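Visitor: I am new to this structure and would like to learn how to read it one feature at a time. Could you give me the general idea of each feature and then take me to the case in front of us?

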Amino acid sequence: MNIVVTGASRGIGYATVKTLATEGHSVVGTARSEDLLNTLEQEVPHKINTFVADLTDDESVDQLSSHISSTFAKVDVLVNNAGGLINKPFEELTMDEWQNMIEVNLLSAVRLTKAMLPQFDAGSHIINISSMGGYQESAKFPGLSAYSVAKGALTTLSECLTVELADRGITVNALCLGAVETEMFNAAFPDFDAPVTAEQMGNYLADFAVNGSTFYNGKVLPVSLADPG
Ligand SMILES: NC(=O)c1ccc[n+]([C@@H]2O[C@H](COP(=O)([O-])OP(=O)(O)OC[C@H]3O[C@@H](n4cnc5c(N)ncnc54)[C@H](OP(=O)(O)O)[C@@H]3O)[C@@H](O)[C@H]2O)c1
């Protein structure tokens, strides 16, 4: 399969790309950190193709989309995994921080998905990586309002795209992850041990990327042993 994964420089995205490429799939992995992407590319040469892009920047995303279309005749799966987290009380969050959370967790996925629409075909699958914080009626955690709101909007986007893209045979799902041991998680919750490693979640996402659209469409699925996430 031809698979695109954002947020591939570390954490869950890195692990997902590594598993997919090891299984023989062709992967384009993207993020801003060129050095980390170079390390990833060396993990499974010939199967991992990386491209440096800032998903909050229109021009950068257009360049990424062109790179993907020149690499793959058709994209089977897009995993919108890139994200960022700010853990701060609502009272202290600045408007810049709110805008940053919406940009990196919601609009980045909007921007890339829109740019790549011509590259999807019947059978293509878009997977949006959300959070339990953005899962309706889940327990909420202090300090995660901007992050959770942005992730909640991403899950709603997934449901909206499902109906808009249905006549083209494109499948869309959102996965709401619970706590996973990554740099993002450790920086936000230094006193909390996540019960799942990035490698374990990467294996799960790789399997979902390959098989998920056989069983799910338009779903918002919790993938969680423990919150926060
Ligand atoms: N870890 C958890 O417990 C947990 C729980 C629920 C949901 N999630 C979600 O899972 C996803 C992966 O999280 P993670 O824990 O693996 O985080 P991470 O280790 O911090 O990785 C985040 C990735 O996103 C990329 N990224 C951030 N801003 C970007 C931008 N402007 N343009 C392009 N790429 C950008 C980063 O790469 P560069 O910095 O190199 O650009 C990095 O590869 C996120 O969407 C997160 O919200 C994680």
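Visitor: Which order do the strands of the open sheet follow, and is their pairing parallel or antiparallel?

Guide: Strands of a sheet pair through backbone hydrogen bonds, and the pairing may be parallel or antiparallel. In this model, which is a predicted one, the open sheet has 7 strands in the order β3-β2-β1-β4-β5-β6-β9, and the pairing is parallel. The edges are held by β3 (48–52) and β9 (220–223), each of which has a single partner strand, so one side of each is left without a neighbour in the sheet. From one strand to the next, the twist averages 20°.

Visitor: How many bridges join β2 to β3 at one edge, and how many join β6 to β9 at the other?

Guide: Strand β2, residues 26–31, runs parallel to β3 and is joined to it by 5 bridges; within this pair, Val28 stands opposite Asn49 of β3. Strands β6 and β9 also run parallel, with 4 bridges between them, and here Leu177 is placed opposite Val223 of β9. The two faces of β9 can be told apart, since Leu221 and Val223 form a covered face while Val220 and Pro222 form an uncovered one.

Visitor: Which strands does helix α1 touch where it packs on the sheet?

Guide: To read such packing, one looks at the strands that a helix touches and at the angle between the directions. Helix α1, residues 11–22, packs on the sheet by touching β1 (2–6), β2, β3 and β6 (171–177), and its direction makes about 165° with that of β1. Helix α2, residues 34–43, also packs on the sheet, where it touches β2 and β3, and its direction makes about 175° with that of β3.

Visitor: How many residues of α1 are buried, and what span should its residues cover?

Guide: Helix α1 is mostly covered, with 9 of its 12 residues buried, among them Ile12, Tyr14, Val17 and Leu20. As for its length, 12 residues at 1.5 Å a residue should span 16 Å, and the end C-alpha atoms of α1 are 17 Å apart, which agrees. Just after this helix, Gly24 takes a positive phi of about 105°.

Visitor: Where do the buried residues of α3 fall when the helix is seen down its axis?

Guide: Helix α3, residues 58–71, has 14 residues and reaches 20 Å from its first C-alpha to its last, close to the 20 Å expected. Its buried residues are Ser60, Val61, Leu64, Ser65, His67 and Ile68. Seen down the axis, they fall within an arc of 160°, so they line one face of α3, and they pack against β1, β2, β3 and α4 (95–116). The face turned away from this buried side carries the exposed residues Asp58, Glu59 and Ser70. At the N-terminal end, Asp57 caps α3, with a side-chain oxygen 3.2 Å from the backbone nitrogen of Glu59.

Visitor: Is His67 buried or exposed, and which residues does it touch?

Guide: Burial is judged by relative accessibility, and the cut-off needed here is that buried means under 20%. His67 has 18% and therefore counts as buried. Leaving out residues up to four places away in sequence, His67 touches Val28, Asn49, Thr50 and Phe51; of these, Val28 and Asn49 stand opposite each other in the pairing with β3.

Visitor: Where is Gln119 placed, and with which side chain does its own side chain make a polar contact?

Guide: Gln119 lies in the loop between α4 and β5 (125–131), and it counts as buried at 12% relative accessibility. The side chain of Gln119 makes a polar contact of 3.1 Å with the side chain of Ser65. Beyond its neighbours within four places in sequence, Gln119 is in contact with Ser65, Ile68, Ser69, Lys74 and Val75.

Visitor: What is the sign of phi in His46 and in Glu137?

Guide: Most residues other than glycine have a negative phi. His46 has a positive phi, near 80°, and is found in the loop between α2 and β3, where it counts as exposed at 83% relative accessibility. Glu137 has a positive phi as well, near 70°; it is placed in the loop between β5 and α5 (145–164) and is exposed, with a relative accessible area of 77%.

Notes. Residues are numbered from 1 along each chain as its sequence is written. Side-chain values use heavy atoms; hydrogens and water are left out. Two strands pair if DSSP finds at least two bridges between them. Axes are lines fitted to C-alpha atoms, for helices over the stretch in contact, and angles run from 0 to 180 degrees between N-to-C directions. Contact means heavy atoms within 4.5 Å. The expected span of a helix is 1.5 Å times one less than its number of residues. Buried means under 20% relative accessible area, exposed over 50%, partly exposed in between (1.4 Å probe, protein chains only). The arc is that of the directions from the helix axis to the C-beta atoms. A polar contact is a pair of N or O atoms within 3.5 Å; within protein, one must be able to donate a hydrogen and the other to accept it, and residues adjacent in sequence count only if both atoms are side-chain atoms.
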